[in-house]
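Thanks for asking me to look this one over. Here are my notes, set out as numbered points so that you can follow along with the structure open.

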Amino acid sequence: LPDRLGGRQKALACIDDIDNFSHIIVLSHLHLNTGYNERVTPPRLRHLQGEAGKHKKKGVLATRAPHRPNSIGMSVLKLDSVDRDNLQLNVQSTDLIDGTPILDIKPYIKQYDSFPTASSGWMDEIERMELSGEIPKVMHDGGAEEEEALKHRKSYSITGSGKASAVQMKTNTGHELFTDVPKKMGGTDSAPQPVEHLLAALIGCAQATAVFVGRSMTPRLLIDHIEFDIQAHRDARGALQQPIDEVPDIPARLQYVSGTAKVFFKGKRDTLPAVLPEDLRLLGEQTEARCPVANMMMASGCAVDINWIDGGSNKK
């Protein structure tokens with residue numbers, strides 16, 4: 001790297017700030033490839049038999065096969081750390097063999113590199129068939145991982161009946177929910193909007209998850225209660241854009257969720273040990289990563305920016 005970039009100092013400057021990214025995109029030259037086939041069978045399809053197996057060969061450019069016309073590989077890798085002394089990026093789960101020439105390194109930016117509503121071609125149909133049980137799922141460990149996942153699967157069920165813009169729903173646990181939209185949107189404003197239910201679900205999920213995270217930390221943070229103040233916005237054109245038979249260019253999802261989570265801990269304030277800023281950061285970070293609602297929001301591309309603060313602190 002220093003030789004290519006004009007010396008060590010220039011090489012160090014090139015990797016400035018990359019340690020703030022969780023993932024990187026690595027472009028490589030798959031130098032040991034000796035050729036390619038125009039049509040290939042991806043590993044996900046090799047086990048298919050009968051009718052499902054008739055169309056398992058795909059055009060090489062419609063797959064991630066490493067044997068390609070241009071021998072250029074692309075890997076998205078989790079960045080563990082940056083060793084500036086040795087000009088080395090330490091990553092997890094690399095799919096490259098030792099000695100593979102690296103052509104370029106770019107940060108993975110979820111705002112640009114993730115399109116949750118994108119079509120994934122034949123992969124969408126295969127995933128649908130696997131989840132529905134029409135075909136067996138590919139197992140590289142004899143099914144151990146899938147069996148373990150089934151042990152911990154948590155399922156939900158809800159029924160609903162709607163008339164005009166209002167909906168009445170009932171969960172399999174016996175609870176009822178109602179939604180409507182404001183009059184200016186064609187509703188009667190008889191109940192909270194669906195998106196307001198989503199934000200309410202975020203608060204409820206974050207509360208329950210934070211209690212678990214806090215008592216699992218060292219030292220333990222025993223939470224008495226949390227006061228949430230949450231705002232969000234979306235671009236209405238994502239739902240209204242025409243023509244109606246085309247997927248909108250603008251995402252309909254929430255774009256930004258922000259606010260505060262003011263945490264109050266158990267015990268008398270004057271006898272409690274000080275809650276360090278790094279402990280509050282960890283509490284918020286792990287709560288948002290483990291709360292199913294927050295996790296789903298962030299996976300969709302929505303930015304979640306909640307400030308977790310000590311509710312008992314006198315600091316403003």
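1. Let me start with a small puzzle: which residue of strand 9 does K170 stand opposite? The partner is E176. Please keep in mind throughout that this is a predicted model.

2. That pair belongs to the pairing of strand 8 with strand 9 (residues 176-179), which is antiparallel and runs over four bridges. The two strands form a hairpin, and four residues lie between them. If you look at the turn, you will find G174 with a positive phi of about 95°.

3. Strand 8 has another partner to look at. Strand 7 (residues 158-163) pairs with strand 8 (residues 166-171) in the antiparallel sense, here over six bridges. To find your place in this ladder, take S161, whose bridge partner in strand 8 is Q168. Strands 7 and 8 also form a hairpin, with two residues between them. A164 sits in that turn and has a positive phi of about 55°.

4. When you inspect these strands, a general point may help: side chains in a regular strand alternate between the two faces of the sheet.

5. Next, please turn to the helices. Helix 8 (residues 277-290) packs against helix 9 (residues 292-299) at an angle of about 80°, and their axes are 5 Å apart. Because angles of 65 to 115 degrees count as roughly perpendicular, helix 8 is described that way relative to helix 9. On the helix 8 side the contact is made by E288, A289 and R290, and on the helix 9 side by P292, A294, N295 and M298. Sorted by class, this contact has four nonpolar, one polar and two charged residues.

6. L198 is a good residue to click on. You will find L198 in helix 6 (residues 194-216). Is L198 buried or partly exposed? L198 is partly exposed, because its relative accessible area is 28% and buried would mean under 20%. Leaving aside residues up to four places away in sequence, L198 touches L254, V293 and M297. D85, by contrast, is 113 residues from L198 along the chain, and their C-alpha atoms are separated by 47 Å.

7. Finally, the whole chain. Its secondary structure comes to nine helices and 12 strands. The radius of gyration is 25 Å, whereas a compact globule of 316 residues would have one near 20 Å. The C-alpha trace spans about 65 × 55 × 45 Å along its principal axes. Buried residues make up 26% of the 316 residues. Of the contacts with a separation of 6 or more, 58% come from residues 24 or more positions apart.

Technical notes
Residues numbered from 1 in each chain as written. Predicted model: local features only at pLDDT ≥ 70, side-chain atom pairs only at ≥ 80, totals over all residues. Heavy atoms only, no water. Pairing = 2+ DSSP bridges. Axes fitted to C-alpha atoms, helices over the stretch in contact; angles between N-to-C directions. Parallel < 35°, antiparallel > 145°, perpendicular 65-115°, else oblique. Contact = heavy atoms within 4.5 Å. Nonpolar A, V, L, I, M, F, W, Y, C, P; charged D, E, K, R; others polar. Buried < 20%, exposed > 50% of the residue type's maximum accessible area, 1.4 Å probe, protein only. Rg over C-alpha atoms; globule rule 2.2 N^0.38 Å.
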